[in-house]
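Me: I would like to go through how some of the labels attached to this model are justified, taking each value together with its cut-off.

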Amino acid sequence: MPCSCSPLFVVLASSLRWESHPMEACLMEEGSESRWMEKTGVGISFVRRMVPLRKSTSLFPKSNVAQRSTTAMSQETPVSRRLRTVKHIIIVCSGKGGVGKSSVSTQLALSLHALSSRPRVGILDVDLTGPSIPRMLGLDGHGVHQSSDGWVPVYADAHQGSDPRLACMSVGFLLKKKSDSVVWRGPKKNAMIRQFLSDVRWGELDYLVVDTPPGTSDEHLSLLEHLAPVHSKLSAVIVTTPQAVALLDAMKCLSFTRIVELPVLGLIENMSGYVCPCCGEISNVFSTKGGEEMARREGLTFLGALPVDTELVTLLDAADSGGTGGADEVIELKAFEILRKYRETSSAKLFGSIADRVVAGVAHVEEGYAVANV
């Protein structure tokens, strides 16, 4: 163990155990020093005692991409074994809350699911204190079942046939009441994220969309630490609104992705104008083209702008199942109806082109890693 004057102390997420309810499954045993950074070169540690760092110093050591990826992949973990059959992991993040990140994550998953290639898509909600994905997919109140191979994700398209392709997992499914708050410190959040990644039976997925909380805090650090062995599969999408305040926080999010060497597929400007439901005229409620200008200045791909769509808002608001539970079959039928109705909205048509750019960006990232490893 490091001495008391050591500049860096770390906390290691340790064993999980099952109790009477899945929410009680996450425990943290402190006192073990993590050797993740030493072993993989890309791990992220929780800093217990902050120390002044010179400008050239980084907690995330820079290294050759190929060497880093090869080293990380050689350290097989429960997470890497579970995600072996997941091709691409897209992390949706924003520096600021209230920019519509969860709705963008939902639309991205739905738009990928609607592609003609019929990909298998998963969406993981790691916004532990404010889980929104179950509500937006009409799955509020659905239970999570455990099999011999781990947790079974909830399928939003279970009623479309024998081969559902849209899997979902969220802490919202584990709450006894949807109004219950999640009051957890960092270690328990870390353990919950590790369990989502290592214990959920995702199966074969083409895309796993990860909805993160605002900012760059515990959840993001835990997520990237546990995903280090599959770093070559990772990429990010940044969501912002046109206002200067939101753009400033989006810059901090971009800075975070650069520090941890997370490839950014591009930037989405949400709430970019308001479409009148009567005449179709677009009014710029906020400032306009701020996200597009930021993307140009920072050398990012501008994935697209999304106006406020009252039809989409009405659809997602109506997704509430109207209670704290119910028959899973009834909830799944409601979720399937939301999938069908979403495809008829104007937002779905706009997001189709964004999804195409995301798919192209993911292929470009994959090609870059392949070249780097030659």
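Me: What makes the approach of the D157 side chain to the backbone nitrogen of L166 a polar contact?
Reply: In this predicted model, the side chain of D157 reaches that nitrogen of L166 at 3.1 Å, and since a polar contact requires a pair of N or O atoms within 3.5 Å, the distance meets the cut-off. The D157 side chain also reaches the backbone nitrogen of R165, at 2.6 Å, which is likewise within the 3.5 Å limit.

Me: Why is D157 said to have no salt bridge?
Reply: The nearest side chain of opposite charge is that of R165, at 5.0 Å, whereas a salt bridge needs a side-chain nitrogen of Lys or Arg within 4 Å of a carboxyl oxygen; the pair therefore fails the criterion. D157 is nevertheless buried, and it lies in the loop between β5 (154-155) and β6 (166-170).

Me: Which residues does D157 touch, leaving aside those up to four places away in sequence?
Reply: D157 touches H113, P164, R165, L166, F336 and L339, where touching stands for heavy atoms within 4.5 Å.

Me: What makes the largest nonpolar core a single set, and which residues have the most contacts inside it?
Reply: Its 92 residues count as one core because they are buried and joined through side-chain atoms within 4.5 Å; those with the most contacts inside it are L83, I89, F196, W202 and L227. Helix α12 (residues 346-372) gives the most to this core, with eight residues. Among the residues that I89 touches are L83, L208, V210 and L227.

Methods
Residues are numbered from 1 along each chain as its sequence is written. This is a predicted model: local features need pLDDT of at least 70, side-chain atom pairs count only at pLDDT 80 or more; totals for chains, interfaces and linings use all residues. Side-chain values use heavy atoms; hydrogens and water are left out. Helices (H or I, at least four residues) and strands (E, at least two) are DSSP runs, numbered from the N terminus. Buried means under 20% relative accessible area, exposed over 50%, partly exposed in between (1.4 Å probe, protein chains only). Lys and Arg count as positive and Asp and Glu as negative; His and the chain ends are not counted. A polar contact is a pair of N or O atoms within 3.5 Å; within protein, one must be able to donate a hydrogen and the other to accept it, and residues adjacent in sequence count only if both atoms are side-chain atoms.
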